[in-house]
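Please open the model in your viewer and keep the selection panel at hand. The stops below are meant to be taken in order, each beginning with what to select.

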Amino acid sequence: MHIYRLRICPERAPDVWRVFEFSARHTLLDVHDAIQDAFELDNDHFFAFYRSGKHWDRASQISYEDADRVRLFQLGFVPGMRLSYVFDFGDELWHELEVLALSEAAVGPEEPLLVESVGAAPPQYDTEELDDEELPSPDVTDLLPVANELLRLLASEPDPTTDAGRESLRSAHRVASDLVIRLEADEERFWALEEACEGDLLGLLLVLPLILADAGMVAEGDVLALALAFVEPAHFLADRAVLLAEAGQREAALAQVRENLDSMGDDVWVQTQAGKVYAILGDAGEAEALFRAALEHAPEHAERASAVEHLSALLRAQHRDPEAAALEAAEQARTQRWLAEHSVPEVRVRAPDTVARLGPKVGRNDPCPCGSGKKYKKCCGADA
């Protein structure tokens, strides 16, 4: 059996490290647990590993959801290989993992074996930062019934083609509007509510304006998208432009696109949705340019799907089938190369549900780069 010797070092304390020996049958959850014990962490936040060693590299991400299913022998360890591990997506406690050596043994250790310990474990949080940042969560007791009622109304995905479905959507709009008014554009209060309620409140709200518009409630969807922009401006304002374009409000849609590109022009979702607006309005040239710009800003395969899909459809609509086929083939080859480089047969690498959020520096309250539309501290459902 392979035995892997890993050195684990917290990036906030580069002179501190622990060296463990793991067997090939240990999982990434075992590695996580060893890190938690070795560095005296509280183990009450979610985490992720990045096989490339790059922070927030979605293409190589293995999330907390999959860590117990990924065994170390699947990861292709070689001496010198480096991985990254992040714990608490809000405060970003990054650790570097380096494979020091591989050896063989008839039987591997049942539990991860600590073989070297250098330096005292650093504090989990900087006390000064805690004074400023870790304030008590806002009280959202009064908002919980409203949020849970909204989740209940939309849990069955009401059909807008039926009377009952339309009535459910009208009720959902009333409840969502009441919720937004009560939130008073207080972002911290929203995130406290998202954490406290019974379901994925943000995930629901991300799609609600377009659902309302598709059901003929264009004005209601428009107002709601604007009202929710304090939570996630790139998503809601980009979707608002699409909503207006689909409703035939050309000038308003273009005005919103220009505003989005001026203020958030490097955001992949903003570019993709802007391209979609121009495609809806019949400006194929501008649409194509924006879809291609989105591809340039979305180098990893998981971010590219929406832009590729729209660009391919645009090319085919212009009878440029060979170009569309070449684009699709190139993307398929790109994906296959990625799979070959990251061949982990039973591993799910988490992909975005709705929107990509990559930026040069992502802070505590910035959108999560995994594309879920949540804050870092809410990344992939985290309650960090």
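This is a predicted model, and the tour begins inside it, at helix α5. Select α5 together with α3 (144–154), α4 (163–183) and α6 (201–214), since these three helices are the ones against which the buried residues of α5 pack. Within α5 itself, which covers residues 187–196, the residues to display as side chains are R189, F190, W191, A192, L193 and E194, each of them buried. Before leaving this helix, add D186, which caps the N-terminal end of α5 by placing a side-chain oxygen 3.2 Å from the backbone nitrogen of E188.

Now show the whole chain, for a moment of orientation. There are 13 helices and seven strands to be traced in the chain, and buried residues account for 49% of its 384 residues. Of the contacts between residues at least 6 apart in sequence, 63% join residues at least 24 apart. If you switch on the surface, the accessible area comes to about 17500 Å², with 51% of it belonging to carbon and sulfur atoms.

Next, select E98, in strand β6 (residues 93–104). Is E98 buried or exposed? Its relative accessible area is 12%, and because buried means under 20%, E98 counts as buried. Display the side chain of R7 as well, and a polar contact of 2.8 Å can be drawn between the side chains of E98 and R7. Beyond the neighbours of E98 within four places in sequence, the residues in contact with E98 are R5, L6, R7, G80, M81 and R82. Stay with R7 and add W17: the charged end of R7 sits over the ring of W17, 5.7 Å from the ring centre.

The next stop concerns aromatic rings, of which the model has 12 pairs. Select F47 and Y85, whose ring centres are 6.0 Å apart and whose planes meet at 35°, so that the pair is tilted. F47 belongs to strand β3 (residues 47–50) and Y85 to strand β5 (residues 82–87), so the pair ties together parts that lie 38 residues apart in sequence. Both F47 and Y85 are buried. Keep Y85 in view and add F49: here the ring centres are 4.9 Å apart and the planes are at 50°, so this pair, too, is tilted. F49, in strand β3, and Y85, in strand β5, are 36 residues apart, and their pairing links distant parts of the chain. F49 is buried, as is Y85. To finish with the rings, select Y50, W56, F89 and W94, which form one aromatic cluster.

For the last stop, move to helix α11 (residues 284–297), whose 14 residues reach 20 Å from the first C-alpha to the last, close to the 20 Å expected at 1.5 Å a residue. Colour A287, E288, L290, F291, A293, A294 and L295, which are the buried residues of this helix. While looking along the helix, bear in mind that an α-helix has 3.6 residues a turn, so residues three or four places apart point the same way.

From E288, go on to R320, found in the loop between α12 (301–317) and α13 (321–341). Which side chains make polar contacts with the side chain of R320? One is that of E288, at 2.8 Å, and another is that of E323, also at 2.8 Å. With neighbours within four places in sequence left aside, R320 is in contact with E288, R292 and L315.

Notes:
Residues are numbered from 1 along each chain as its sequence is written. This is a predicted model: local features need pLDDT of at least 70, side-chain atom pairs count only at pLDDT 80 or more; totals for chains, interfaces and linings use all residues. Side-chain values use heavy atoms; hydrogens and water are left out. Buried means under 20% relative accessible area, exposed over 50%, partly exposed in between (1.4 Å probe, protein chains only). Helices (H or I, at least four residues) and strands (E, at least two) are DSSP runs, numbered from the N terminus. Contact means heavy atoms within 4.5 Å. A polar contact is a pair of N or O atoms within 3.5 Å; within protein, one must be able to donate a hydrogen and the other to accept it, and residues adjacent in sequence count only if both atoms are side-chain atoms. The expected span of a helix is 1.5 Å times one less than its number of residues. Accessible areas come from the Shrake-Rupley method with a 1.4 Å probe; for residues, only the protein chains shown count as cover. Rings of Phe, Tyr and Trp (its six-membered ring) pair if their centres lie within 6.5 Å; planes under 30 degrees apart count as stacked, over 60 as edge-to-face and the rest as tilted. A charge sits over a ring if NZ of Lys or CZ of Arg is within 6 Å of the ring centre and within 35 degrees of the ring normal.
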